[in-house]
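Got the viewer open? Grab a pencil and work through a few exercises, each with its solution written out step by step.

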Amino acid sequence: MSSKKKGQKRVWKEPDDKSEWLNELIEAGEAAVKAYEEYLLNRIDHVELAKVMTILHDLLPMSIYKDYEDEKE
């Protein structure tokens, strides 16, 4: 994952190896759930939670976000 400055949009690229991408997505999802549990138990702060969530966010297709925004209107 490349680091981006605040406010810069991340561009999701279609993965070459979808099996590897799916494995990474599953691992990131599990890590996000565990981190959120740790956050709720006050074992980690919001900064640590945000780091884990950013990894998950970067693995998701951004078209999903656009679809969600269109539904809100």
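The exercises below go from the overall fold down to single residues of this predicted model.

**Exercise 1: The overall layout**

Work out how many helices and strands the protein has, and in what order the elements come.

Solution.
- Step 1: Count the elements. There are three helices and zero strands.
- Step 2: Walk from the N terminus. The elements run α-α-α.
- Step 3: Look at burial. Of the 73 residues, 14% are buried.
- Step 4: Look at the outside. The protein exposes about 6400 Å², and carbon and sulfur atoms supply 54% of that area.
- Step 5: Check the contacts with a separation of 6 or more. Residues 24 or more positions apart account for 61% of them.

**Exercise 2: Two patches on the surface**

Find the residues that form a negative surface patch, and those that form a nonpolar one.

Solution.
- Step 1: Take the charged patch. D16, D17, E20, E24, E27 and E30 make up the negative one.
- Step 2: Zoom in on one member. E24 sits in helix α1, which covers residues 18–40.
- Step 3: Check how open E24 is. Its relative accessibility is 32%, so E24 counts as partly exposed.
- Step 4: Turn to the nonpolar patch. Y36, Y39 and L40 form this one, and together they have about 300 Å² of accessible area.
- Step 5: Pick Y36 from that group. Y36 also has its place in helix α1, and with a relative accessible area of 40% it is partly exposed.

**Exercise 3: Tracking down the salt bridges**

Say how many salt bridges a search of the whole structure finds, then look at each pair.

Solution.
- Step 1: Get the count. The search finds two salt bridges.
- Step 2: Start with E38 and R43. Their side chains meet in a salt bridge, at 3.4 Å from N to O.
- Step 3: Compare the partners with the cut-offs: exposed means over 50% relative accessible area, and buried means under 20%. E38 has 28%, so it is partly exposed, while R43 has 56% and therefore counts as exposed.
- Step 4: Go on to E48 and K51. The closest N and O atoms of this salt bridge are 3.2 Å apart.
- Step 5: Ask why E48 and K51 are separated by about one helical turn. They are three residues apart in helix α2, and that spacing is why.
- Step 6: Check the exposure of this pair too. E48 is partly exposed at 36%, and K51 is partly exposed at 46%.

**Exercise 4: Inside the loop between α1 and α2**

Look at N42 and I44, and decide for each whether it is exposed or partly exposed.

Solution.
- Step 1: Place N42. This residue is found in the loop between α1 and α2.
- Step 2: Read its backbone angle. Phi of N42 is near 60°, a positive value in a residue other than glycine.
- Step 3: Classify N42. Its relative accessible area is 70%, so N42 is exposed.
- Step 4: Classify I44. With a relative accessible area of 25%, I44 is partly exposed.
- Step 5: List the contacts of I44. Leaving aside neighbours within four places in sequence, I44 is in contact with A35, E38, Y39 and L49.

**Exercise 5: Far in sequence, how far in space?**

For V52, M53 and H57, find the distance in space to a residue many positions away along the chain.

Solution.
- Step 1: Place the three residues. V52 is in helix α2, M53 is in helix α2, and H57 is in helix α2 as well.
- Step 2: Take V52. V52 and A31 are 21 residues apart in sequence, yet their C-alpha atoms are 6.9 Å apart in space.
- Step 3: Add the contacts of V52. Beyond its neighbours within four places in sequence, V52 touches A31, A32 and A35.
- Step 4: Take M53. Between M53 and A32 there are again 21 residues of separation, with 5.9 Å from C-alpha to C-alpha.
- Step 5: Take H57. L25 is 32 residues away from H57 along the chain, and their C-alpha atoms are separated by 9.4 Å.
- Step 6: Finish with exposure. V52 counts as partly exposed at 22%, M53 is partly exposed at 38%, and H57 is partly exposed at 32%.

How values were computed
Residues numbered from 1 in each chain as written. Predicted model: local features only at pLDDT ≥ 70, side-chain atom pairs only at ≥ 80, totals over all residues. Heavy atoms only, no water. Patch = residues over 30% accessible without salt bridge, like charges linked within 9 Å, V, L, I, M, F, W, Y side chains within 5 Å. Areas by Shrake-Rupley, 256 points an atom, 1.4 Å probe, with all protein chains shown as cover. Salt bridge = Lys/Arg side-chain N within 4 Å of Asp/Glu carboxyl O. Lys, Arg positive; Asp, Glu negative; His and termini not counted. Charge placed at Lys NZ, Arg CZ, Asp CG, Glu CD. Helix = DSSP H or I, 4+ residues; strand = E, 2+ residues; numbered from the N terminus. Buried < 20%, exposed > 50% of the residue type's maximum accessible area, 1.4 Å probe, protein only. Contact = heavy atoms within 4.5 Å.
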